[in-house]
Amino acid sequence: MRSYTLSDFDFALPPELVAQHPAAERSASRLLDGTGPDPSHPTDRIFRDLPGLLRAGDLLVFNDTQVVKARLFGEKPTGGKLELLVERVLMGQEVVCHMKVSKKPPVGTVLKMAGGFTATLLGRWPDENGPLFRFAFESPAGEDPYALMARCGHVPLPPYIAHGDSEDDERRYQTVFARVPGAVAAPTAALHFDEALLAALQARGVQRASVTLHVGAGTFQPVKTENIAEHTMHAERYEVPAATQQAIADCRARGGRVVAVGTTTVRTLESWAASGEARGDTRIFITPGFAFQHVDLLITNFHLPKSTLMMLVSALAGYERVMALYAHAIRERYRFFSYGDAMLLERSPRPQSRATPC
């Protein structure tokens with residue numbers, strides 16, 4: 001089997017194709033149907049065409065995580081400005097954050113945060129040399145971290161979106177079925193679904209189930225090693241409920257296909273398959289050669305060059321096919337990344353042989 005390097009997943013993307021705002025209607029985004037026999041001649045569709053591409057008995061699996069307003073601003077006792085991005089809420093008032101500041105404050109520093117609460121630096125996380133920072137939040141009203149973020153925080157838009165967050169972002173950088181708060185980035189493939197489309201899929205006989213994976217800021221971390229095997233994946237929390245496990249078993253029994261909505265759903269289902277654990281933290285790294293056990297089709301947005309997600313979609317659909325589809329998308333001026341358009345991929349029939357740890 002061919003060995004891949006980081007450069008294999010690079011491509012030239014005109015900057016004007018990076019979507020800065022969502023489509024006027026969720027299901028009015030474009031959909032590149034990459035399931036045909038010739039990837040150099042895929043079919044250009046609209047996302048609301050999706051019910052006609054699925055079959056009665058197929059199972060759509062969504063990620064029901066909810067994006068929290070995790071970006072918080074404040075200052076040090078010296079007056080220096082800083083920014084926190086809450087990656088995870090721990091027990092009680094404690095949180096784990098990324099910290100953007102000119103000079104890191106010492107442990108014990110009490111930060112004054114916009115909105116009238118404080119954040120006390122307790123140390124690094126997950127250990128004394130960890131890349132993240134552990135804080136304790138405290139407010140006069142005794143609000144928990146989720147309440148503080150809801151009141152004081154900002155939508156954590158991706159770094160390639162140039163504008164500040166707005167009320168429209170608060171609504172549109174969230175799926176219509178978001179249920180479990182905890183993500184700092186949206187499961188973007190699911191942003192294209194609206195209530196009318198969900199009703200059309202139900203009428204078609206397509207079943208629906210959910211998993212939870214709280215997307216972390218690490219999803220935007222670049223791969224820095226040309227040898228992709230040397231890359232260390234970030235950890236994200238996931239859960240596959242018992243009802244979803246049964247829904248997948250029922251889907252298999254009736255001959256249906258499991259359709260993952262987004263790469264986060266793929267990572268969740270395949271983490272469960274690889275580890276046998278229905279909940280926990282995953283660092284699964286899916287690259288060409290990965291042995292998929294659950295996912296048959298994937299609905300996904302277009303991803304950053306040289307990213308782990310480019311590697312994941314290439315593992316599922318085949319490297320040559322994916323690169324041909326991306327070339328077509330660029331020629332046809334599809335919109336890229338979180339607020340961009342989507343594509344439909346089918347798992348490659350070629351035998352796979354390698355799995356990676358969770």
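**Figure 1. How much of the chain is tucked away?** Buried residues make up 54% of the 358 residues in this predicted model. The chain exposes about 15400 Å², and carbon and sulfur atoms supply 51% of that area. For a chain of 358 residues, a compact globule would have a radius of gyration near 21 Å, and this chain agrees because its own value is 21 Å. Along the principal axes, the C-alpha trace spans about 60 × 45 × 45 Å.

**Figure 2. What the chain is built from.** You can pick out seven helices and 17 strands here. Take the contacts with a separation of 6 or more: 73% of them come from residues 24 or more positions apart. As for charges, there are 39 positive and 39 negative ones, and their mean positions are 1 Å apart.

**Figure 3. Helix 6, wrapped up by its surroundings.** Helix 6 covers residues 308–317, and 10 of its 10 residues are buried, so the rest of the structure largely encloses it. Among those buried residues are T308, M310, M311 and S314. What do they pack against? Their partners are helix 5 (263–275), helix 7 (319–331), strand 16 (297–301) and strand 17 (342–346). After helix 6 comes G318, with a positive phi near 105°.

**Figure 4. A186, a buried loop residue.** Look for A186 in the loop that runs between strand 11 (180–183) and helix 3 (195–204). Its relative accessibility is 8%, and buried means under 20%, so A186 counts as buried. Which residues does A186 touch, leaving aside those up to four places away in sequence? They are V67, Y173 and L191. A186 and G216 are 30 residues apart along the chain, and their C-alpha atoms are separated by 9.3 Å.

**Figure 5. A cis peptide bond at P126.** Most peptide bonds are trans. The one from W125 to P126 is cis, though, with omega near 5°. P126 sits in the loop between strand 9 (117–125) and strand 10 (132–138).

**Figure 6. Two loop residues with positive phi.** Most residues other than glycine have a negative phi. K306 isn't a glycine, yet its phi is positive, about 60°. You'll find K306 in the loop between strand 16 and helix 6, and at 30% relative accessibility it counts as partly exposed. R333 isn't a glycine either, and its phi is positive at about 65°. R333 belongs to the loop between helix 7 and strand 17. Buried or exposed, or in between? With 43% relative accessibility, R333 counts as partly exposed.

Terms used
Residues numbered from 1 in each chain as written. Predicted model: local features only at pLDDT ≥ 70, side-chain atom pairs only at ≥ 80, totals over all residues. Heavy atoms only, no water. Helix = DSSP H or I, 4+ residues; strand = E, 2+ residues; numbered from the N terminus. Rg over C-alpha atoms; globule rule 2.2 N^0.38 Å. Buried < 20%, exposed > 50% of the residue type's maximum accessible area, 1.4 Å probe, protein only. Contact = heavy atoms within 4.5 Å. Areas by Shrake-Rupley, 256 points an atom, 1.4 Å probe, with all protein chains shown as cover. Lys, Arg positive; Asp, Glu negative; His and termini not counted. Charge placed at Lys NZ, Arg CZ, Asp CG, Glu CD.
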